[in-house]
Amino acid sequence: MMTEQDVSILLPVCNGAKTLRRAVESICAQTYLQTPMVDVEIVAVYNGCTDDSVNVGCELARQIHEDQISGRWKGHLWLFKHNMSEQKAGIVPALNYAIRHSDNPFIARQDADDFWHPEKLALQMNFLKDHPEVAVLGTQIRLVHPETFEPVLIQTPKPLSHHGCVHGLMSGDN
């Protein structure tokens, strides 16, 4: 039964074998998944991968399924994989494909080399519940070293106000 709090997480993957496990584990670690009666699906779209991404994703799906069956993990999480094609179509077609294959009223997005703070979904969903006039919500990023995942001390200042965000998007300065 779908609820108004259910979320589909779009996960476009192009040669993400080295980082996909951490990305999916950060989704599984979301405190929001402990919300009663909430389902979260990961819609992973493999977009022209030439590395081991598909096999890594299949192994992660198997582990999630086993953890749900054994009761080691109490969250509600479904991992789906879709191969768009053997050719790399690009991130926009991959995301559009994922949207067409998602089932939930809310959409979140994560790249295969991203990982989330454990409270990310809970904070965002609570904000959206308290502010129904908001249709799109984003967050800041913290850059990390690609091998060690340690934070890199590079500041990426982005606008925080609505006007600043619109100006940055419209001017291409993003």
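# Questions on a predicted model

A search of the whole structure, which is a predicted model, finds four salt bridges.

Trainee: In what pattern do the helices and strands follow one another along the protein chain?

Mentor: In this predicted model, the protein chain has five helices and four strands. Read along the sequence from its start, these elements follow the pattern β-α-β-α-β-α-β-α-α.

Trainee: What percentage of the contacts in the protein chain with a separation of 6 or more comes from residues 24 or more positions apart?

Mentor: It helps to begin with the chain as a whole, which has 174 residues, 34% of them buried, and an accessible surface of about 11,000 Å², of which 58% belongs to carbon and sulfur atoms. Turning to the contacts with a separation of 6 or more, the share that comes from residues 24 or more positions apart is 74%.

Trainee: Within what arc do the buried residues of helix α2 fall when they are seen down its axis?

Mentor: Helix α2 runs over residues 53–70, and its 18 residues reach 26 Å from the first C-alpha to the last, close to the 26 Å expected at 1.5 Å a residue. Its buried residues are Ser53, Val56, Gly57, Leu60, Ile64 and Gln68. Seen down the axis of α2, these buried residues line one face of the helix, because they fall within an arc of 105 degrees.

Trainee: Which residues are linked with Arg62 in a network of salt bridges?

Mentor: Arg62 and Glu66 both lie in helix α2, four residues apart, which is about one turn of the helix, and they form a salt bridge whose closest N and O atoms are 2.4 Å apart. Arg62 is partly exposed at 37% relative accessibility, and Glu66 is also partly exposed, with a relative accessible area of 37%. In the network of salt bridges, Arg62 is linked with Glu59 and Glu66.

Trainee: How far apart are the closest N and O atoms in the salt bridge between Arg21 and Glu25?

Mentor: These two residues are separated by about one helical turn, because they stand four residues apart in helix α1, residues 20–28. Arg21 is partly exposed, with a relative accessible area of 31%, and Glu25 counts as partly exposed at 42%. Their closest N and O atoms lie at a distance of 3.8 Å.

Trainee: With which residue does the side chain of Arg109 meet in a salt bridge?

Mentor: Arg109 has a relative accessibility of 39%, and since partly exposed covers the range between under 20% and over 50%, Arg109 counts as partly exposed. In the salt bridge, the distance from N to O is 2.6 Å, and the partner of Arg109 is Asp111.

Trainee: Which exposed residues does helix α3 carry on the face turned away from its buried side?

Mentor: Helix α3 spans residues 91–100, and its buried residues are Ala94, Leu95, Tyr97 and Ala98. Seen down the axis of α3, they fall within an arc of 160 degrees, so they line one face of the helix. The face turned away from that buried side carries the exposed residues Val92 and Arg100.

Trainee: Is Trp116 buried or exposed?

Mentor: Trp116 is placed in the loop between β4 (106–109) and α4 (120–130). Leaving aside residues up to four places away in sequence, Trp116 touches Ile9, Ser26, Ile27, Gln30, Ala108, Arg109, Gln110 and Leu121. One of these, Gln30, is 86 residues away along the chain, yet the C-alpha atoms of the pair are separated by 8.0 Å. With a relative accessibility of 9%, where the cut-off is under 20%, Trp116 counts as buried.

Trainee: What is the accessible area of the nonpolar patch that Val166, Leu169 and Met170 form on the surface?

Mentor: Val166 has its place in helix α5, residues 162–171, and at 38% relative accessibility Val166 counts as partly exposed. Taken together, the three residues Val166, Leu169 and Met170 have an accessible area of about 350 Å².

Trainee: What value is phi of Asn15 near?

Mentor: Asn15 is found in the loop between β1 (7–13) and α1, and at 37% relative accessibility Asn15 counts as partly exposed. Most residues other than glycine have a negative phi. Asn15 is a residue other than glycine with a positive value, its phi being near 55 degrees.

Conventions: Residues numbered from 1 in each chain as written. Predicted model: local features only at pLDDT ≥ 70, side-chain atom pairs only at ≥ 80, totals over all residues. Heavy atoms only, no water. Expected span 1.5 Å × (residues − 1). Buried < 20%, exposed > 50% of the residue type's maximum accessible area, 1.4 Å probe, protein only. Arc of directions from axis to C-beta. Patch = residues over 30% accessible without salt bridge, like charges linked within 9 Å, V, L, I, M, F, W, Y side chains within 5 Å. Areas by Shrake-Rupley, 256 points an atom, 1.4 Å probe, with all protein chains shown as cover. Contact = heavy atoms within 4.5 Å.
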